[in-house]
Amino acid sequence: MTTLDKKPASSEGRKDPWSQMLQKVGKNQDREAYHALFEHFGPQIKYYAMANGLASHAEELVQEVFVSIWRRSCLYDWRKAAASTWIFTIARNQRIDMLRKMQRTSAEMPVETEDLWQIPGENENEPVTSLHRLMSERRIRESLSHLPEEQITVIAKVYMENKSHQMVADELDIPLGTVKSRVRLALNKLKVILQDQNV
Amino acid sequence: MTRHHPDSLSLMEYSAGNLSEPHALCIKLHLDKCSHCRSRVDTLDSLGAVMMEQQPKVSVSESMFDSILSKIDSEPSGEPAVPAIPRVSALQKLLGEDLNSLPWKRQLGDVSVLDITDRFPGQKEQVVLQKLAAGGKAPAHTHRGEETTIVLQGAFADQKGVFNQWDFVVLTDEDEHKPVAVGCEDCITLSVLSAPVKLTGTFTRMLNPFIR
């Protein structure tokens with residue numbers, strides 16, 4: 001099966017196509033939309049699992065993520081998160097959960113993965129905001145193309161390979177301070193570092 | 001040193017899912033009460049989504065989709081199920097309803113401690129609750145390694161400022177301070193201590209932000 005190359009044409013509109021499809025799954029249990037999400041995000045999640053050292057469990061992770069997407073889709077609110085952001089956090093949580101279960105000894109974990117890592121837009125009673133949230137993916141995508149390779153490499157290792165800043169420093173054989181300053185520079189460019197003045 | 005809010009680098013490691021469970025707990029407890037940092041994490045989660053989108057793809061088979069469908073069809077209702085709400089917070093799961101009635105161990109003067117490392121099986125860090133009695137003072141001290149602390153109840157002050165409930169503090173060996181519990185409540189904090197590598201498994205004394 002070939003991977004779909006089409007990307008959300010534009011996030012200029014109120015909803016990108018993936019968010020619309022996810023909403024259809026949540027509202028109407030629309031299996032056609034669900035299948036389109038699988039074709040688009042399945043290959044990304046499979047690579048994510050493999051990059052994270054879960055190569056022999058990659059398909060299992062994709063399945064877990066999609067079952068979870070189905071179950072939670074009724075909680076999805078496009079005003080609070082783009083579909084791709086929401087799905088990324090589910091993939092992340094399922095990956096953490098899978099690793100925790102593998103490492104689990106006889107001792108039970110008193111706290112569940114979902115108690116520690118939030119899915120955006122769930123369990124929040126705050127007013128719906130944020131054009132900012134909808135805009136951010138498009139903005140990030142655009143600014144990312146202007147970042148130097150060395151900054152992207154560091155961020156990719158943190159997000160895709162489950163590596164701490166220290167582990168990235170060890171692997172690239174550069175000081176931890178250099179890794180941190182590359183991340184800070186990148187986050188500044190991406191305007192991810194929000195100012196503290198409003199606090 | 002980080003004070004009041006986690007820095008962007010820690011939030012990024014949280015968003016990427018790379019933090020240890022005790023560190024993730026500190027961040028999550030703060031996020032639950034801080035919409036500013038929650039919004040920062042939302043943006044970082046979007047960065048994660050874009051990173052995932054820009055990586056190579058690995059094809060998935062149609063038969064995998066079929067087995068996903070048969071999984072969801074085997075669920076009781078066959079329809080999306082809303083996870084049970086309301087949920088008990090992580091803190092309540094770990095420590096119950098009343099922080100004040102935990103089996104505190106009086107340490108020195110106004111300071112009591114409770115080691116809860118065993119609630120995080122398989123983790124490398126030491127996790128400690130501290131209680132500074134209302135109006136109480138802790139002796140001046142510095143810190144070894146790096147300590148991440150979140151205020152669970154009450155407030156404390158040192159020469160750098162006042163730390164209220166759900167404030168987040170990271171202290172290192174360069175930070176010497178002399179905290180005082182302010183307000184009319186005992187100040188209770190949760191601290192995660194990154195274990196110095198050389199000392200793994202050989203801790204013999206309590207390490208905490210109030211007393212060292």
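## Worked exercises on a two-chain predicted model

A hairpin links S6(B) to S7(B) by way of two residues. Keep in mind as you work that the model is predicted.

### Exercise 1: the sheet around S6(B)

Task: Work out the strand order of the open three-stranded sheet in chain B that contains S6, and find which strands stand at its edges.

Solution.

Step 1. Start with the hairpin partners. Strand S6 (residues 155-158) of chain B and S7(B) run antiparallel and are joined by three bridges. Within this pair, Ala157(B) is opposite Val162(B), and Asp158(B) is opposite Gly161(B).

Step 2. Look for another partner of S6(B). Three bridges also connect S6(B) with S9(B), again antiparallel. Here Ala155(B) faces Val182(B) across the pairing.

Step 3. Put the pairs together. The order is S7-S6-S9 in an open sheet of three strands, with antiparallel pairing.

Step 4. Read off the edges. Strand S7 (161-163) and strand S9 (180-182) of chain B each have a single partner strand, so each has one side without a neighbour in the sheet.

Step 5. Add the twist: from one strand to the next, it averages 35°.

### Exercise 2: following S3(B) to its partners

Task: Trace the pairings of S3(B) with S2(B) and with S4(B), and find a residue that takes part in both.

Solution.

Step 1. Take the pairing with S2(B). Strand S2 (residues 105-108) and strand S3 (residues 111-115) of chain B are antiparallel, with three bridges between them. The hairpin they form has two residues between the strands, and Gly109(B) there takes a positive phi near 50°.

Step 2. Take the pairing with S4(B). Five bridges hold S3(B) and strand S4 (residues 126-132) of chain B in an antiparallel pair.

Step 3. Find the shared residue. Ser112(B) is the bridge partner of Arg106(B), and Ser112(B) also stands opposite Lys131(B) in S4(B).

Step 4. Set this against chain B as a whole. The chain has five helices and 10 strands, and buried residues make up 40% of its 212 residues. Among its contacts between residues at least 6 apart in sequence, 71% join residues at least 24 apart.

### Exercise 3: two residues with positive phi

Task: Asn162(A) and Asp173(A) both have a positive phi. Place each in chain A and decide whether it is buried or exposed.

Solution.

Step 1. Recall the background. Most residues other than glycine have a negative phi.

Step 2. Note the angles. Phi is about 60° at Asn162(A) and about 55° at Asp173(A).

Step 3. Locate the residues. Asn162(A) sits in the loop between H7 and helix H8 (165-172) of chain A, while Asp173(A) belongs to the loop between H8 and H9 of chain A.

Step 4. Apply the cut-offs: 20 or more C-beta neighbours within 10 Å for buried, 12 or fewer for exposed. Asn162(A) has 20 such neighbours and therefore counts as buried. Asp173(A) has 6, so this residue counts as exposed.

### Exercise 4: H2(A), the contact and the core

Task: Find which helix of chain A gives the largest share of the side that touches chain B, and which element gives the most to the largest nonpolar core.

Solution.

Step 1. Count the contact. Chain A brings 71 residues and chain B brings 54 residues.

Step 2. List the contributors. Helices of chain A that each supply at least two residues to its side of the contact include H2 (31-51), H3 (58-72) and H4 (83-103). The largest share, 10 residues, is from H2(A). By class, the side of chain A that touches chain B has 38 nonpolar, 20 polar and 13 charged residues.

Step 3. Turn to the core. The largest nonpolar core has 91 residues, and Leu37(A), Ile45(A), Val65(A), Trp86(A), Ile87(A) and Cys26(B) touch the most other members. H2(A) gives the most to this core, with nine residues. Domain 1 (17-124) and domain 2 (146-199) of chain A each provide at least three residues.

Step 4. Zoom in on Ile45(A). Leaving aside residues up to four places away in sequence, Ile45(A) touches Leu61(A), Val62(A), Val65(A) and Ala91(A).

Step 5. Finish with the two domains of chain A. Their C-alpha centres lie 24 Å apart.

Conventions
Residues numbered from 1 in each chain as written. Chains lettered and ligands numbered in written order. Predicted model: local features only at pLDDT ≥ 70, side-chain atom pairs only at ≥ 80, totals over all residues. Contact = placed C-beta atoms within 7 Å. Helix = DSSP H or I, 4+ residues; strand = E, 2+ residues; numbered from the N terminus. Nonpolar A, V, L, I, M, F, W, Y, C, P; charged D, E, K, R; others polar. Core = buried A, V, L, I, M, F, W, Y, C linked by C-beta atoms within 7 Å. Domains from an automatic or database assignment. Pairing = 2+ DSSP bridges. Axes fitted to C-alpha atoms, helices over the stretch in contact; angles between N-to-C directions.
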